[in-house]
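Please work through the exercises below with the structure in view. Attempt each task before reading its solution.

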Amino acid sequence: MKTLYKFMLVSLTGFAISCSDYLDTKPVSFTTIDNFYKTPEDIEIALRGCYGRLVSSYAVNSRSGLFFVGDIGTDELVGNPYSTPDAGSNMDQFIFGRVVKTNLMARDLWENMYRSVYAINLLLSKLDEVSMNEARREQVRGEALFLRGWHYLYLGMVYGGVPVYTTVPHEKDKARDPLQRVMEQALADLQFAYEHLADTHVAGAANRWTAAGYLTKLYCYLAASKKYEVGKRLNFPLNSFDWVDTDAYYREAKQLADELITASGYRLAADYRSLFSEGSTAEQAKEILLTILPSQENKTGFAPTFYLFPVGYYGGGWGTCRPTQEVYDRYDTLYDARVHWVVGGLGTDPGTETIDGNSYVKPLPLNLSDGVAYDGDYNVTKLRAISSAVRNTDFYFGHYPLLRLADIYLLNAEATAHLEGDEAGREILKPVRSRALIQTHTNDVTVLQSAYRRSDFIQELLDERSRELCFEQQRKFDLVRFGRYVTTIQGISTTRGVWNSLTARILIDNISESKIWLPIPEEDEISNPNLLPNNPGY
């Protein structure tokens with residue numbers, strides 16, 4: 001891979017923030033490692049740099065990355081034909097379900113992920129050479145291995161089998177490892193972090209419970225993928241899930257989720273809106289297990305402005321992608337407050353609302369006809385920027401959630417339903433649904449338990465995951481692991497909803513099971529033929 005052996009530790013860039021309670025991630029740059037990794041301070045700087053690499057790996061400040069892979073081209077987001085998709089990422093290929101191996105976003109994500117893995121492996125290779133406090137050394141090792149496990153988790157979910165590196169330098173001609181090897185490395189790294197990290201909550205840093213959360217997530221992903229025979233019809237052994245023990249992995253997931261919910265000190269924020277309101281960082285810290293922190297130097301928001309910010313007023317986004325009608329239809333609009341937060345209307349003269357002492361511009365109510373969003377005002381409104389006279393309209397200064405406790409409840413419900421039955425799983429959904437209630441209408445969660453009940457519990461769970469986690473880069477991975485990616489996309493309405501009727505048909509016509517993984521980038525397979533064969537369909 002040309003990007004791997006060219007990479008040097010030139011810039012491990014992180015975040016600088018003022019609050020002493022946060023992880024101190026000031027930018028660091030150096031052009032050689034010959035005089036580095038000599039002191040404990042050097043180790044701390046390198047670790048901060050590895051955390052800073054999450055920005056590039058998740059791509060919150062670029063036109064690429066997990067932002068687009070997880071959401072765009074699913075039954076949550078479709079394209080806006082009146083907005084030009086970004087050519088710098090080939091976004092249109094995601095919007096219309098026709099990604100090819102020359103796709104710029106797929107290339108950039110691959111490159112950024114492996115740059116991050118290299119930086120982490122370099123830190124680990126130098127860690128034992130430095131004289132430092134042994135307890136702190138093991139904490140650093142745990143955090144570095146957490147970060148490496150996080151990267152391999154997503155590399156496996158996005159690309160399938162990929163080269164696994166645990167030492168430096170990285171072999172430039174290494175072949176793809178089977179998906180089993182990738183995910184077992186992720187599990188091992190995350191398990192070490194879970195066993196060795198402290199319980200301390202520091203925003204922007206991993207702790208024991210962050211590792212437990214991602215272990216839960218990975219065990220559920222693997223268990224479901226085996227149970228529902230993901231990729232089986234593609235007949236591509238490299239990406240096989242045949243090695244997974246579904247029952248054992250769901251037991252691991254449930255044990256971890258139960259412990260995290262009862263013993264971690266994290267809890268569901270009282271108000272769902274606080275999780276996505278720029279000024280509510282104290283509330284966000286109660287629920288978010290891993291976040292990308294903002295700073296004046298490294299602002300969070302270029303990617304969110306494509307579709308996460310409300311469109312049409314000061315501090316808004318671009319609306320390049322818009323919500324499907326299916327998003328709105330999943331909610332009970334009388335009793336579920338989330339629907340009135342995650343989607344809304346445009347407007348040149350909206351009102352304001354106060355949340356946790358801060359004022360926010362309030363999107364207008366939707367224009368609906370028989371429950372259908374019929375005009376172009378329908379847009380995502382999940383992230384909110386504080387209303388002020390002066391602000392940078394492209395960025396969000398809240399804690400952007402990568403993993404939060406609500407997801408753990410939903411994963412626990414999944415594992416419990418598999419092990420103990422649907423009713424037991426459904427019971428675990430109650431805390432998430434209770435928070436969603438419009439309290440002025442009712443505080444009885446059985447209203448939503450009844451309204452959302454499905455004879456097919458997996459469909460009920462998928463619906464609930466979308467209600468709670470929509471636009472948080474979860475949807476594609478959820479649909480894939482339950483074996484419902486193609487059928488769900490094919491089921492998107494082409495007549496209900498303004499954006500569905502304009503663009504959904506092209507996505508539906510292009511979808512196929514081969515799209516569950518992205519292609520290995522063409523320039524990398526040319527540079528290193530050992531990466532062949534590419535994923536099916538590419």
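Two exercises follow, one on a helix and one on a pocket.

The model is predicted: local features need pLDDT of at least 70, side-chain atom pairs count only at pLDDT 80 or more, and totals for chains, interfaces and linings use all residues. Residues are numbered from 1 along each chain as its sequence is written, and side-chain values use heavy atoms, with hydrogens and water left out.

**Exercise 1.** Determine whether the length of helix H9 (residues 246-263) agrees with the expected span, and describe its ends.

*Solution.* Step 1. Helices are DSSP runs of H or I with at least four residues, numbered from the N terminus. The expected span is 1.5 Å times one less than the number of residues.

Step 2. Helix H9 has 18 residues and should therefore span 26 Å; its end C-alpha atoms are 26 Å apart, which agrees.

Step 3. At the N-terminal end, Asp 245 acts as a cap, with a side-chain oxygen 3.4 Å from the backbone nitrogen of Asp 247. Just after H9, Gly 265 has a positive phi of about 90°.

**Exercise 2.** State how much space the largest pocket holds and which residues lie closest to its centre.

*Solution.* Step 1. On a 1 Å grid over the protein atoms alone, a pocket is an open set of points where a 1.4 Å probe fits, with protein on both sides within 12 Å along at least five of seven lines; lining residues have an atom within 4 Å of a point.

Step 2. The largest pocket holds about 550 Å³ of space, the volume being that filled by probe spheres set on the points.

Step 3. Of its 25 lining residues, the closest to the centre are Ala 337, Val 339, His 340, Trp 341 and Lys 362.

Step 4. Helix H13 gives the most to this lining, with 3 residues.

Terms used
Helix = DSSP H or I, 4+ residues; strand = E, 2+ residues; numbered from the N terminus. Polar contact = N/O pair within 3.5 Å; in protein donor to acceptor, adjacent residues only side chain to side chain.
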